[in-house]
Amino acid sequence: MVLTVGISRIHFPVTTLGPGRRLGIWFQGCSLRCEGCISVDTWATAKTLIPIEQLMMKLSSYLPLIDGITISGGEPFDQFEALLAIVVQLRERTKVDILVYTGYGVEDITDQLQQIKPYIDVLISDPFQRQSSQTLRLRGSDNQRLHCFTSQAVEKFAYYQQAVTTEDKVLDVMFDAEGVVWFAGIPRRDDFVKLQTLLKQQGHQIKVTADKTKY
Ligand code: SF4
């Protein structure tokens, strides 16, 4: 049987989800549905599934250009078999660091973690919690933990174990081929509310995508 995966987006370069110019891979579908999640467009199960081999052909074209890879979502661990196959193949083809986000606590995915650990460098775990403070780099709420599994990760991500400052760039803004504006990164609390208010004040109409599968 052909192994497939639901993907929301692939983008390069992403500069706000780890060090350097990174390849961003967003899985489509999330069963966790944290209150206050800013990625509701990635919640729905993917309408189209792509064979892993097809995805790998697309990803491979970026590999000579990238400093690292960030896999987010959606919830990558909800499609664990596909996630594992992807990181195994990426690890064979590149030495750059691989960071994976999950909304699960590491205690809830011990079996999967054992299988995936040899192939990734960093895991950021735990669900977004709106009631938690937000002071740490790469994290939407301070309950989220950054785990380094390799010496490369310890060195490259030491900076990201620290508190975010006003000097940090936290969002990449992109325009896709259809003119849709989208963001990558970890916005500060209420950034999007402020942005919407500002745009409305200037006479713009805001339409937010939700549950839209895109690849
Ligand atoms: S796990 Fe991530 S994508 Fe899923 S609801 Fe929570 S914050 Fe949103």
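Is Glu-35 buried or exposed? Glu-35 is exposed, because its relative accessible area is 59%, which is over the 50% cut-off. The model described here is predicted. Its mean pLDDT is 93, and 96% of the residues reach 70 or more. Over residues 211–215, however, the pLDDT is below 50. That stretch still has 23 contacts in the model beyond near neighbours in sequence.

**Salt bridges**

- Side chains of opposite charge can pair when their charged atoms come close.
- The count of salt bridges in this model comes to eight.
- One of them joins the side chains of Arg-22 and Asp-97, with N and O at 2.6 Å. Arg-22 belongs to strand E3 and Asp-97 to strand E6, so this pair ties together parts that are 75 residues apart in sequence.
- Asp-97 also forms a salt bridge with Lys-156, and here the closest N and O atoms are 2.7 Å apart. This pair links distant parts of the chain, as Lys-156 is in helix H4 (residues 151–157) and Asp-97 is in strand E6, 59 residues apart.
- Arg-22, Asp-97 and Lys-156 are thus linked in a network of salt bridges.
- Within this network, Arg-22 is buried, with a relative accessible area of 0%. Asp-97 also counts as buried, at 0% relative accessibility. Lys-156 is partly exposed, because its relative accessible area is 25%, which falls between the cut-offs of 20% and 50%.
- The side chains of Glu-35 and Arg-130 meet in another salt bridge, at 2.8 Å from N to O. Glu-35 sits in the loop between E3 and strand E4 (50–51), while Arg-130 sits in the loop between strand E7 (122–125) and strand E8 (145–148); the two are 95 residues apart.
- Arg-130 is partly exposed, with a relative accessible area of 46%, whereas its partner Glu-35 is exposed.

**Helix H2**

- Helix H2 covers residues 80–93, which makes 14 residues. At 1.5 Å a residue, the helix should span 20 Å, and its end C-alpha atoms are 20 Å apart, so the expected and modelled spans agree.
- The buried residues of H2 are Phe-80, Ala-82, Leu-83, Leu-84, Ala-85, Ile-86, Val-87, Gln-89 and Leu-90.
- These buried residues pack against several strands: E1 (4–5), E3 (22–27), E5 (68–72) and E6 (97–101). They also pack against helix H1 (52–60) and helix H3 (110–116).
- Two of these strands, E3 and E6, hold Arg-22 and Asp-97 of the salt bridge described above.

**Ile-38**

- Ile-38 is found in the loop between E3 and E4, and Glu-35 is in that loop too.
- Ile-38 counts as partly exposed, at 47% relative accessibility.
- Leaving aside residues up to four places away in sequence, Ile-38 touches Pro-187 and Phe-192.
- Ile-38 and Phe-157 are 119 residues apart in sequence, and their C-alpha atoms are 24 Å apart in space.

**A nonpolar surface patch**

- Val-173, Phe-175 and Val-181 make a nonpolar patch of about 290 Å² on the surface.
- Phe-175 lies in strand E9, which covers residues 171–175.
- Phe-175 counts as exposed, because its relative accessibility is 61%, over the 50% cut-off.

Notes
Residues numbered from 1 in each chain as written. Predicted model: local features only at pLDDT ≥ 70, side-chain atom pairs only at ≥ 80, totals over all residues. Heavy atoms only, no water. Patch = residues over 30% accessible without salt bridge, like charges linked within 9 Å, V, L, I, M, F, W, Y side chains within 5 Å. Areas by Shrake-Rupley, 256 points an atom, 1.4 Å probe, with all protein chains shown as cover. Salt bridge = Lys/Arg side-chain N within 4 Å of Asp/Glu carboxyl O. Helix = DSSP H or I, 4+ residues; strand = E, 2+ residues; numbered from the N terminus. Buried < 20%, exposed > 50% of the residue type's maximum accessible area, 1.4 Å probe, protein only. pLDDT = per-residue confidence, 0-100. Contact = heavy atoms within 4.5 Å. Expected span 1.5 Å × (residues − 1).
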